[in-house]
Amino acid sequence: MPDEKPIESPILNYAPDHLVTKTMNGGRSGAVHVYTLDEATSKFDYFVRRFEQVFSGLKWALPIERGSVFFAFVGGGVPFRAAPVEPDAFVILADPRAIDYALVLTSRLQVLGPMAKRFRTESVEPTKDYSGMYLLDIAKDLIFHEELVRESIEANGVTTNVFFSLLCYVICHEYAHIAHGHLDFRLSNDFREFTATQQDSELTARTLEMDADASAVTLTFTLLEQIFLAGIKPRIPAERVEEFTAQYRLQYLVGITLAHIFLDSLAGKDTVPRYHPMTYVRFVAFQIVLLKVGESQGIDTDFVEEARKLVVDTFVHLSGDVSNLHHPIAANTLVHEGEGEPVGEYTSLGFHSAAAHLEDCGRRWTRLYPILAKFLRGGRLAPPYADPL
């Protein structure tokens, strides 16, 4: 099916040079270097245009009512982060190496086993034996060791829709931190009330991350559906619209699913899970929000589970068994059968057990809600639903 291509139009959302200089000199980037627009387009033009495409959609889907948001590429530092540069100017910073890792991961998985079969791409099996390896170890190998698999982006049938949806989700997450006033809140006196103890600080940080995740799910869904309706569907033959619609939705759901694994692969041990929710808890929250959004739009929500299973089956294809993967997105429950080793399974019990971990964040959200409302720059906050904590 057709991919959505970046539009060859002027780059309007890259940070102007004076903000790049301020970002670098102010030490807010945490990076070795912040690229100007000319430097970024000369080195990473394709990535710049994909970012521009997402930003153009975001300005339509969730306009910032106070201030401006730009993006810039950095060398070194945190792979993705939102940074305040001026009182009403923010920059979402991204390391092109991390973006390239996302492209590599999403391209290579598409040529392996179940995913190659489902998306009808050329099959290119790895030269390395991954038998018995953990899911995250395999993901890191595929990301960081280019020699292990033939350049998959050259294989027939590989789509960039999976990569673009992963990238879109990551950008939307950082954008939500700005739109929902999280950065302003962190710089305010109100923030002290929520950081009296280490435990307090960690719970507050996790709750803000969950809010950004929920917004990112909704925004990514909105943007990708709009891209499909405006840019892809008109090019599909009428007799194949239903088939290609299902294929496209599965591709972008696979991309969002992989985003959780991708970010887990890049995360430092000092940030997860103390200041970020555990990967599986985030994934469960993503599924809950996405199911609600899909149902409200009349979209078949079976795609959500199909995407998870397709990703897992592709890693199982490499490792040999789901129990080898040791990752809750693959198996969230250990089942003991007789005297043998426990067997990993994916069950509704495991799903609901993870959802229970959201309760403290929900209670903290009740306290944060009226304060964040003062700093809101765009969109709306989810209403509180639990007793305060």
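The following paragraphs lead through the nonpolar core, a sheet with its helices, and one further helix of a predicted model. Local features were accepted at pLDDT of at least 70 and side-chain atom pairs only at pLDDT 80 or more, whereas totals for chains, interfaces and linings use all residues. Residues are numbered from 1 along each chain as its sequence is written, and side-chain values use heavy atoms, with hydrogens and water left out.

The largest nonpolar core (buried Ala, Val, Leu, Ile, Met, Phe, Trp, Tyr and Cys residues joined through side-chain atoms within 4.5 Å; buried means under 20% relative accessible area, exposed over 50%, with a 1.4 Å probe and protein chains only) holds 107 residues, and those touching the most other members are Tyr14, Phe51, Phe73, Ile99, Val254, Leu258 and Phe315. Its largest share, 13 residues, comes from helix H6, residues 161-179 (helices are DSSP runs of H or I with at least four residues, strands runs of E with at least two, numbered from the N terminus).

An open sheet of four strands follows the order S1-S2-S4-S3 with mixed pairing, where two strands pair if DSSP finds at least two bridges between them. Strand S1 (33-34) and strand S3 (80-86) are the edges, each with a single partner strand, so one side of each lacks a neighbour in the sheet. S3 pairs with strand S4 (residues 89-94) in the antiparallel sense over six bridges, and Arg81 has Leu93 in S4 as its bridge partner.

In helix H13 (residues 348-356), the buried residues are Gly350, Phe351, Ala354 and Ala355. They lie on the same side of H13 because they cover an arc of only 140° around the axis, taken from the directions from the helix axis to the C-beta atoms. The face turned away from that buried side carries the exposed residues Ser348, Leu349 and His352.
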